[in-house]
Amino acid sequence: MSNSYHQPSSSVPEARGVLPNPTTRPNGDILRYRLALAAKYFDGTAFFNAEVDWFNRWSSGRGSADSSGRVTCGGDNNAWMYGVELGALLGPAKVTANYVRATGDDPSTRKTTEDGISSQDGISSAYMKHWGYLMYFMYGAGDGWDAAGWGQPTNFHHLGLRMDYAVASNLNVFLVSSHAWRDQPNAYRYGGDYQLGLYVWTNDDILNAQAGTGTGRAVPDHAGNIGWECDAGFSWKLLESLTWSTTLGYWQPGNWWSYALPNTANIVRQGVAPNTNPNNPAGEARAAANPDRRIDPLVAVETTLLVTF
């Protein structure tokens, strides 16, 4: 299976009788495409599902000249997603184990910004909600959300175990345990380096940070733990057109958050002059990174009544 679509240049078409602005360049046309391969198996008791997706984004090069005048074109996104789940039906119970990986925008080919901002190659929020209400659905694992604002995480590995139990034909209860870690922790800027005037975090910045040069530091490879989460809940079909569902989530964030995000409780002021304007580099207010700090767990409850007609 494959699909693609064309994203035309965002330049405003030239109005009739109006000359184009000679000081601006048009943006490049972009072609996005995906190749996917899937397999399914079910023998009445055991089941197996797998999917592999490859994403690429090709840019025409229009408007992409750098400061030296060179024009780049070709693939400037290159990402993979993998998913495998297996399980069995054991009477009224269903047990499922799964593994998911999304590489994010490969730093070796990236010409734009970190996947934490573009987040084009993430796992569907509708799927990940069943494996982590807080860590995935609400917080997007820290780097990806869909157009509706729900979590669409990328650049991560996920391991999960889920058990569903049919108490009755109209009542299902479930338990979920999930763990996630970064595929490329150094694709993200060190939290203490978020300051006024710093440019976007590109693949060139990552390479410079790994070499110990440049103006920014990358999150170290050992700080890749996104965290673990345990969820429990039920779905109860009270009437033919009325369903009550509740999810209780408990999430313990991992050390990636302490390295990639500053500690906003610890604010320091740059510059020496009193009452210096914080909106300029000399007097900017910033938060200390405070890496490896422990982050308190988060707890949430979602309950819904769904009425259908």
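Let me begin on the surface, where Met163, Tyr165, Val167, Val173 and Leu175 make a nonpolar patch of about 410 Å². Two elements give two or more residues to this patch, namely β6, which runs over 156-168, and β7, which runs over 171-182. I should say at once that what we are looking at is a predicted model. The largest share of the nonpolar patch comes from β6, which supplies three residues.

One member of the patch deserves a closer look, and that is Val173, which lies in strand β7. Is Val173 buried or exposed? With a relative accessible area of 31%, Val173 falls between those two words and counts as partly exposed, because that term covers whatever is neither under 20% nor over 50%.

Now let us turn to Pro291, which sits in the loop between β11 (285-287) and β12 (298-307). Pro291 is partly exposed as well, its relative accessible area being 32%. If we leave aside residues up to four places away in sequence, Pro291 touches Tyr190, Ser258 and Tyr259. Along the chain Pro291 and Gly192 are 99 residues apart, and yet in space their C-alpha atoms are separated by 8.8 Å.

Finally, I would like to show you a pocket, the second largest, which holds about 440 Å³ of space. Which residues come closest to its centre? Of the 19 residues that line this pocket, they are Ala50, Glu51, Gly83, Glu85 and Tyr127. The elements giving two or more residues to the lining are β2 (30-42), β3 (46-59), β4 (74-90) and β5 (93-102), and among these β4 gives the most, with five residues.

Conventions:
Residues are numbered from 1 along each chain as its sequence is written. This is a predicted model: local features need pLDDT of at least 70, side-chain atom pairs count only at pLDDT 80 or more; totals for chains, interfaces and linings use all residues. Side-chain values use heavy atoms; hydrogens and water are left out. Patches are made of residues with over 30% relative accessible area and no salt bridge: like charges are joined within 9 Å, nonpolar side chains (Val, Leu, Ile, Met, Phe, Trp, Tyr) within 5 Å. Accessible areas come from the Shrake-Rupley method with a 1.4 Å probe; for residues, only the protein chains shown count as cover. A salt bridge is a side-chain nitrogen of Lys or Arg within 4 Å of a carboxyl oxygen of Asp or Glu. Helices (H or I, at least four residues) and strands (E, at least two) are DSSP runs, numbered from the N terminus. Buried means under 20% relative accessible area, exposed over 50%, partly exposed in between (1.4 Å probe, protein chains only). Contact means heavy atoms within 4.5 Å. On a 1 Å grid over the protein atoms alone, a cavity is a set of points where a 1.4 Å probe fits but cannot get out, and a pocket is an open set with protein on both sides within 12 Å along at least five of seven lines; lining residues have an atom within 4 Å of a point. Grid points are joined across faces, edges and corners, and a volume is the space filled by probe spheres set on the points.
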